[in-house]
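Trainee: May I ask for a close look at one part of this model, the place where a backbone angle takes an unusual sign, and for an account of the packing and the charged pairs that can be followed from there?

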Amino acid sequence: METSLELEIIQDCHKGNFLRFTLLYDAYADRIYRFIYYKTHHKQTAEDITSITFTKALENIARFNAYKASFSTWLYHIARNTIIDYYRTTKKIENIEDIWDLADDTDTMRDADIALQAEKIRHYMKELKPQQRDIIIMRLWQGLSYEEIAEITSSTHNATKMMFSRSLKTLREKIPIDTFMLFMLF
Amino acid sequence: MNDSIKKILDEMYALDASLQTHEKELEKIINEILSTSPAITIDNAFLEQLRSRLDMRAHELTQTSSVLKSRTFMSFFSRPSIAFGIIIAVLVVLPVLSVLFKSTSQQNEHFVALKPTSQTNLEKNKFGSLALPIQDQQTMGKMSAPTATPSYSGGGNVNVGFGGGGGSAMGMIAPEIGTTEPGMIGRPYEYVSYRFAYKGDVLKLDEPTMTVYKKAIDNTSAQSLAQAIQNIGIATFDLTKLQNTRISYLTLSEDRDRGFVASINLDDNSFSLYANSPVWPPLWKYSPEAKKLGTPSDEEILALADSFIKKYNINLSGYGKGTVIHNQNVYYMTPEPASTDGTTSSIMPIMAPTEMNVLYPLIIDGKEVIDQGGNGMGLNVNVNIPLRAVTGMGSIHSQKYEESAYDIETNMDKILSVAERGGMYGGYGDGGKIITVELETPTLQLMYYSLYNEKEQRSQELYIPAYVFPIKDPSTYLNLYQKYIIVPIVKEILESQNTVPSIKPMIY
């Protein structure tokens, strides 16, 4: 969505006219849902959290300062925090950011097919910090550019690129080559 | 190594050249992560339901905001003369409302009913150019296209794009699950592109022009009301100093059990009704008794809506018979709270419909009006399911229209070529697997078309003739959420779309 249009809609909301908020929803619903799904691996959970994310955004948009951060940044922050709240509330475990932090045998809902897929790279994702995982997900699965990721994570283009590079370097160093080869056989 | 992985690695080497010695390992890691990317199919019904719910809440918030503003305004009134002024204001407003609420058995010169107010010799192109300026067409190409949304303010005449039934023709396409295909970032799924083929009857249009309708704006009541209020002196501000004023919105709240908030728009003589939430029980909550009753049948829902219309004596001249709309169901989701003794945590409830809509379609000149997505437009009545009660209605408006004749496209090949491409801003891009979808014989209807005029700083609400091509068996196609392809037949609109680049879907 054009930045000027986004700003206009947000200004309308600040004036008490929320009727065009659904245009923002149309622009970001798909992307936010996918991001949430990548971090929850469960369709119903992703739908619930997507609903809460946009509801929170609508209820609080009058307080959002569009000159300090972009709307997409804000939306991603809400989504990430809602995911964290969800797991910490339902699992009552501290230091849980998303499904990747949970052990395989933890009683939590996962879609069967994604659970199988996720197993193949769980050993990668567990080695990374949550922010590194998010950058990997956004860069490789969502195909976002470093500029877009930087905006979402309130960082710079170069810092984002650096973090991505270091994340892959970490994985290479922590997972021995023979494990790779063994893994590749399957 | 595919190009996308090479690009990622080159970017890394630019930061740290020593990584090149580990290229094979890095390539394996990236490949592995890319190939395990989950194939996500988003449930469009969920997206639409959430959109409806957000839209409703947006209306509530907007109403609340305008009520607060009117209360703030009213708090300035402290003199006894104010009561007299308000009485004058009400007397001015009542005639506006009475037009909307007369008995259906009475003829009313304000209403068009099934035939337009006639002008024997229609003026041509009275509303100006209906085509979009180039920069706005390109801007529109980047926006999603919601159904029946007011236009936004921007350069020149601006409109929300056409795409066909159900939503946007771009940005929401979820490709089918399939094999890995090389691409920019190593897409792990197969891209699907739809093409349309017309298989209906031979089409023919004999008239070179057709009528375009424009909702007439009558500000006389608004201006009269403003003048009445203006003569009231208030403690801190001399309203008589304001010039050329008019009142745009009025909100009335009923403070009774299950009362309503009535929103009157004096700019376009329209009227909407919403539940005054503080005096209603929770609208989203199913009581044990309501759970036992379950979801009512369409007949029951229609009966509730019809009964409400009759009770409030709403004039439905110009509207057709009501039908229950199933794709507009609203679902609320309120977590059941955690127990206070900590034995159970907060849980999400099973989703159940809390609201269903009944649409009374707007009819102009014997034709049903649709929005740019092919959905019916008209008077919507919201029926709350847990409470088995009507909780909202919107919006009914005075049906005064101006008319003008515009040239239409009579070359059917041109019309069909637009239809077969997916409509005005349709098109699914190139490449990938191509699936051909059949289009059936169209109907000629009137499509809502909102055009912002920068000079006047307001939108013109127009109704233009358009062909509506039904898609045959749309539900058999995995990611095709459209039910119709809409092609407006006003010549300059069709000609202006030839300059719009074809839309590339956004792939994630």
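Mentor: At a relative accessibility of 39%, Asn313(B) counts as partly exposed, because that class covers the range between 20% and 50%. The model is a predicted one, and the values that follow should be read accordingly. Asn313(B) lies in the loop of chain B that runs between α8 (298-311) and β6 (323-331). Its phi is near 55°, which is a positive value in a residue other than glycine. Such a value deserves notice because most residues other than glycine have a negative phi.

A positive phi is also found in chain A. His41(A), again a residue other than glycine, has a phi near 60°. Its place is in the loop between α2 and α3 (43-60) of chain A. Is His41(A) buried or exposed? His41(A) has a relative accessible area of 0% and is therefore buried, whereas Asn313(B) is partly exposed.

The loop that holds His41(A) leads back to α2 of chain A, and the packing of that helix can be taken next. As background, chain A comprises 10 helices and 0 strands, so that its elements, read from the N terminus, are α throughout. Of its 186 residues, 55% are buried. Among contacts in chain A between residues at least 6 apart in sequence, 56% join residues at least 24 apart.

Two packed helices are described by the angle between their axes and the distance between the axes. Helix α1 (residues 3-14) of chain A packs against α2(A) at an angle of about 140°, and their axes are 9 Å apart. The two helices are therefore oblique to each other, since an angle has to be over 145 degrees to count as roughly antiparallel. The crossing in which α1(A) passes α2(A) is left-handed. From α1(A), the contact draws on Glu6(A), Ile9(A) and Ile10(A); from α2(A), it draws on Phe21(A), Leu23(A), Leu24(A) and Tyr28(A). By class, these are 6 nonpolar, no polar and 1 charged residues.

Helix α2 (residues 21-40) of chain A also packs against helix α7 (residues 130-141) of chain A, here at an angle of about 125° and with the axes 11 Å apart. This pair, too, is therefore oblique, but α2(A) passes α7(A) in a right-handed crossing. Phe35(A), Tyr38(A) and Lys39(A) represent α2(A) in the contact, and Asp134(A), Ile137(A), Met138(A) and Trp141(A) represent α7(A). The class count for this contact is 5 nonpolar, no polar and 2 charged residues.

Asp134(A), one of the α7(A) residues in that contact, also takes part in a salt bridge. Its side chain meets that of Arg80(A) with an N to O distance of 2.7 Å. The pair links distant parts of the chain, for Asp134(A) is in helix α7 and Arg80(A) in helix α4 (residues 71-91) of chain A, 54 residues apart. Asp134(A) counts as buried because its relative accessibility is 2%. Arg80(A) has a relative accessible area of 18% and is buried as well, the class being defined as under 20%.

Helix α7 of chain A is also a partner in a bridge to the other chain. The side chains of Glu11(B) and Arg139(A) meet in a salt bridge at 3.4 Å, N to O. This pair crosses between chains, from helix α1 (residues 3-15) of chain B to helix α7 of chain A. Both Glu11(B) and Arg139(A) are buried.

Chain B supplies a further example. Asp407(B) forms a salt bridge with Lys124(B), with the closest N and O atoms 2.6 Å apart. Asp407(B) belongs to strand β12 (residues 401-407) of chain B and Lys124(B) to the loop between α4 (80-100) and α5 (134-141) of chain B, so the pair links parts of the chain 283 residues apart. Asp407(B), with a relative accessible area of 32%, is partly exposed. Lys124(B), at 42% relative accessibility, is likewise partly exposed.

Finally, Glu8(A), Asp12(A) and Arg20(A) are linked in a network of salt bridges. Over all chains, the count of salt bridges comes to 22.

Conventions
Residues are numbered from 1 along each chain as its sequence is written. Chains are lettered from A and ligands numbered from 1 in the order in which they are written. This is a predicted model: local features need pLDDT of at least 70, side-chain atom pairs count only at pLDDT 80 or more; totals for chains, interfaces and linings use all residues. Side-chain values use heavy atoms; hydrogens and water are left out. Axes are lines fitted to C-alpha atoms, for helices over the stretch in contact, and angles run from 0 to 180 degrees between N-to-C directions. Helices (H or I, at least four residues) and strands (E, at least two) are DSSP runs, numbered from the N terminus. Angles under 35 degrees count as roughly parallel, over 145 as roughly antiparallel, 65 to 115 as roughly perpendicular and the rest as oblique. A crossing is left-handed if the near helix is turned anticlockwise from the far one by less than a right angle, and right-handed if clockwise. Contact means heavy atoms within 4.5 Å. Ala, Val, Leu, Ile, Met, Phe, Trp, Tyr, Cys and Pro count as nonpolar, Asp, Glu, Lys and Arg as charged, and the others, Gly among them, as polar. A salt bridge is a side-chain nitrogen of Lys or Arg within 4 Å of a carboxyl oxygen of Asp or Glu. Buried means under 20% relative accessible area, exposed over 50%, partly exposed in between (1.4 Å probe, protein chains only).
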